[in-house]
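Please explain this structure, beginning at one point on the surface and then moving to the interior and to a second chain.

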Amino acid sequence: MGTELQEKETRKIYTVSELTSEIRSCLESAYPFIWVTGEISNFSKAASGHLYFSLKDAEAQIAAILFKGQARQLRFQLQSGLRIVGLGRIGVYPPRGSYQLILEYVEPMGTGSLQLAFEQLKLRLGAEGLFDPAHKRPLPFLPHRISLVTSPHGAVIHDMLKVLGRRYPNLHLEIAPVRVQGNGAAEEIARALHRIAMQGKSDLIILARGGGSLEDLAAFNTEEVARAIFSCHIPVITGIGHETDYTIADFVADLRASTPTAAAETAVPDKAELKATLQSVTISLHRTFGGSIQNLHRDIRNLRERLLHPSRHLVLSRMRLDETQEALLRRFQRIRTWKQHQLAWMLRSLSPAPLVQKLHRERKAHMACHKNLCFHAFSRLHGQRMLLNGLHHRLQNLGPFAILGRGYAVARKLPEKTILSHTGGLSPGDAVEIQLAAGFLRCRIEEIEHGKKNL
Amino acid sequence: MAKKTFEEALAQLQGIVEELEKGDLALEKAIRKFEEGMKLSRYCSDCLDEAEARLTRLTESGEEAPFSFETGPQEEA
């Protein structure tokens with residue numbers, strides 16, 4: 001029981017899908033990349049473009065398929081009975097529980113070994129990176145020396161020389177004569193490349209050969225040549241076979257030309273074309289810069305005209321000095337003339353004539369004043385005198401002695417000489433003095449008659 | 001007594017004349033006034049005489065120019 005249960009527990013039961021899946025991964029991982037040879041039978045082309053057939057030999061057969069994309073790259077037709085070598089992988093188709101060979105590449109049997117070697121080398125070198133565009137060296141625009149690695153005989157070298165001579169006459173060329181087929185050809189080519197690289201006189205190499213069979217081109221499919229090209233620091237152009245021929249050398253080369261003459265065309269620019277381009281560029285340069293150059297010329301001319309010789313400068317300066325001096329002199333003379341006029345005018349105004357006239361006027365005025373003064377003084381004096389005379393006259397008329405002339409007399413008692421106006425205080429015998437208009441009488445009173453006032 | 005000015009003397013003389021012209025003075029006083037007036041009149045006359053004499057003297061010397069001026073030769077040019 002226990003063992004039965006154990007058996008039950010350890011027993012692995014697959015479903016069909018699981019089993020198929022495991023088979024599939026087993027087969028597909030075990031045969032991912034295989035070369036198979038066999039004879040085609042039951043060949044059919046589906047409407048989709050995929051090719052279905054069986055590969056068989058005496059004892060076995062296997063289903064095979066070539067998909068449309070790969071089928072299109074074939075250079076020959078597949079058909080039943082054809083013996084082929086194919087590169088492919090095993091694929092399992094679960095719905096049918098069948099396995100089949102899925103082919104990537106097919107070639108006819110016979111040329112197959114060479115082609116196989118080619119493909120193997122191509123794969124290996126490609127994986128190493130020898131075909132990598134990053135390693136491609138740029139070609140010189142105009143090489144100063146080209147080495148032609150090719151056969152010295154035949155049409156190829158002749159055609160290339162003709163093309164090179166036509167495109168760029170007098171180009172410096174070196175021909176490195178090598179065998180391009182047969183035993184030792186690959187070694188010769190590799191040696192020539194090494195030598196040219198060592199000498200370093202050329203800056204471009206053309207590796208060329210005319211068209212031929214795959215066997216004829218074998219030297220260019222060798223690893224030796226491929227590595228020689230890769231290690232050569234001088235850029236290499238290949239021109240091998242016809243347009244459809246691809247060699248390993250072509251893949252490694254810095255540039256692949258389809259034919260030897262195409263390589264020659266590519267190597268150098270067309271001298272006449274260059275010249276024409278150069279000429280047109282020159283013309284456009286002249287046209288573009290001609291104007292500005294003319295302007296510059298004009299500028300220089302102007303500057304030169306303005307650039308005076310020092311002596312001429314000196315002469316000009318002297319002339320200018322003379323002119324200025326003359327101007328100065330003229331100005332000075334004008335000022336002097338003006339000042340002279342001014343002086344004369346001032347002298348005239350300084351002359352004593354107006355002063356004398358003024359003096360005369362002043363003297364006249366003074367005389368008038370003087371006369372006036374005198375007149376006033378005298379007239380005032382005169383007036384005073386008249387006043388005084390009037391007063392004097394009036395005084396004289398008022399004088400008490402004026403009436404004496406008319407017979408009146410003044411009597412005074414002596415000795416007191418008091419004027420008598422009445423008889424009081426008098427006695428006969430008293431002495432009296434009588435004043436007349438002219439003279440005095442001294443008398444004695446004889447008799448006194450008292451009375452009232454007369455008149 | 002300080003010497004009278006001419007004007008004072010004249011005014012006094014005028015006063016005396018007017019006093020005498022009223023005629024109501026006693027003879028004695030009138031005579032004294034008269035004598036005083038005559039003295040004043042003489043004094044005034046003397047003053048005038050002296051003034052006239054001085055004035056005459058001044059104006060006589062004043063006939064000449066008070067100062068002289070030397071004129072240049074181009075005076076009338």
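**From a surface residue to an inner cavity**

Ile23(A) is partly exposed, because its relative accessible area is 39%, and the partly exposed class lies between the cut-offs of 20% and 50%. The model is a predicted one, and this value is computed from it.

Where in chain A does Ile23(A) sit? Ile23(A) belongs to helix 2, which covers residues 16-30 of chain A. Ile23(A) also takes part in a nonpolar surface patch, together with Tyr14(A) and Leu19(A). The patch has an area of about 250 Å². A residue needs over 30% relative accessible area to be counted in a patch, and Ile23(A) has 39%.

The next topic is enclosed space. How many cavities of 30 Å³ or more are there? The count is one. The volume of the largest cavity is about 40 Å³. Its lining includes Leu130(A), Phe230(A) and Val252(A). Asp132(A), His135(A), Lys136(A), Arg137(A) and Asp254(A) line the largest cavity as well. Sorted by class, the lining has four charged residues, three nonpolar residues and one polar residue.

Chain B can be described by its totals. Chain B has two helices and zero strands. Of the 77 residues in chain B, 29% are buried; a buried residue has under 20% relative accessible area. The accessible surface of chain B amounts to about 5,500 Å². Carbon and sulfur atoms account for 50% of that surface.

Definitions and conventions: Residues are numbered from 1 along each chain as its sequence is written. Chains are lettered from A and ligands numbered from 1 in the order in which they are written. This is a predicted model: local features need pLDDT of at least 70, side-chain atom pairs count only at pLDDT 80 or more; totals for chains, interfaces and linings use all residues. Side-chain values use heavy atoms; hydrogens and water are left out. Helices (H or I, at least four residues) and strands (E, at least two) are DSSP runs, numbered from the N terminus. Buried means under 20% relative accessible area, exposed over 50%, partly exposed in between (1.4 Å probe, protein chains only). Accessible areas come from the Shrake-Rupley method with a 1.4 Å probe; for residues, only the protein chains shown count as cover. On a 1 Å grid over the protein atoms alone, a cavity is a set of points where a 1.4 Å probe fits but cannot get out, and a pocket is an open set with protein on both sides within 12 Å along at least five of seven lines; lining residues have an atom within 4 Å of a point. Grid points are joined across faces, edges and corners, and a volume is the space filled by probe spheres set on the points. Ala, Val, Leu, Ile, Met, Phe, Trp, Tyr, Cys and Pro count as nonpolar, Asp, Glu, Lys and Arg as charged, and the others, Gly among them, as polar. Patches are made of residues with over 30% relative accessible area and no salt bridge: like charges are joined within 9 Å, nonpolar side chains (Val, Leu, Ile, Met, Phe, Trp, Tyr) within 5 Å. A salt bridge is a side-chain nitrogen of Lys or Arg within 4 Å of a carboxyl oxygen of Asp or Glu.
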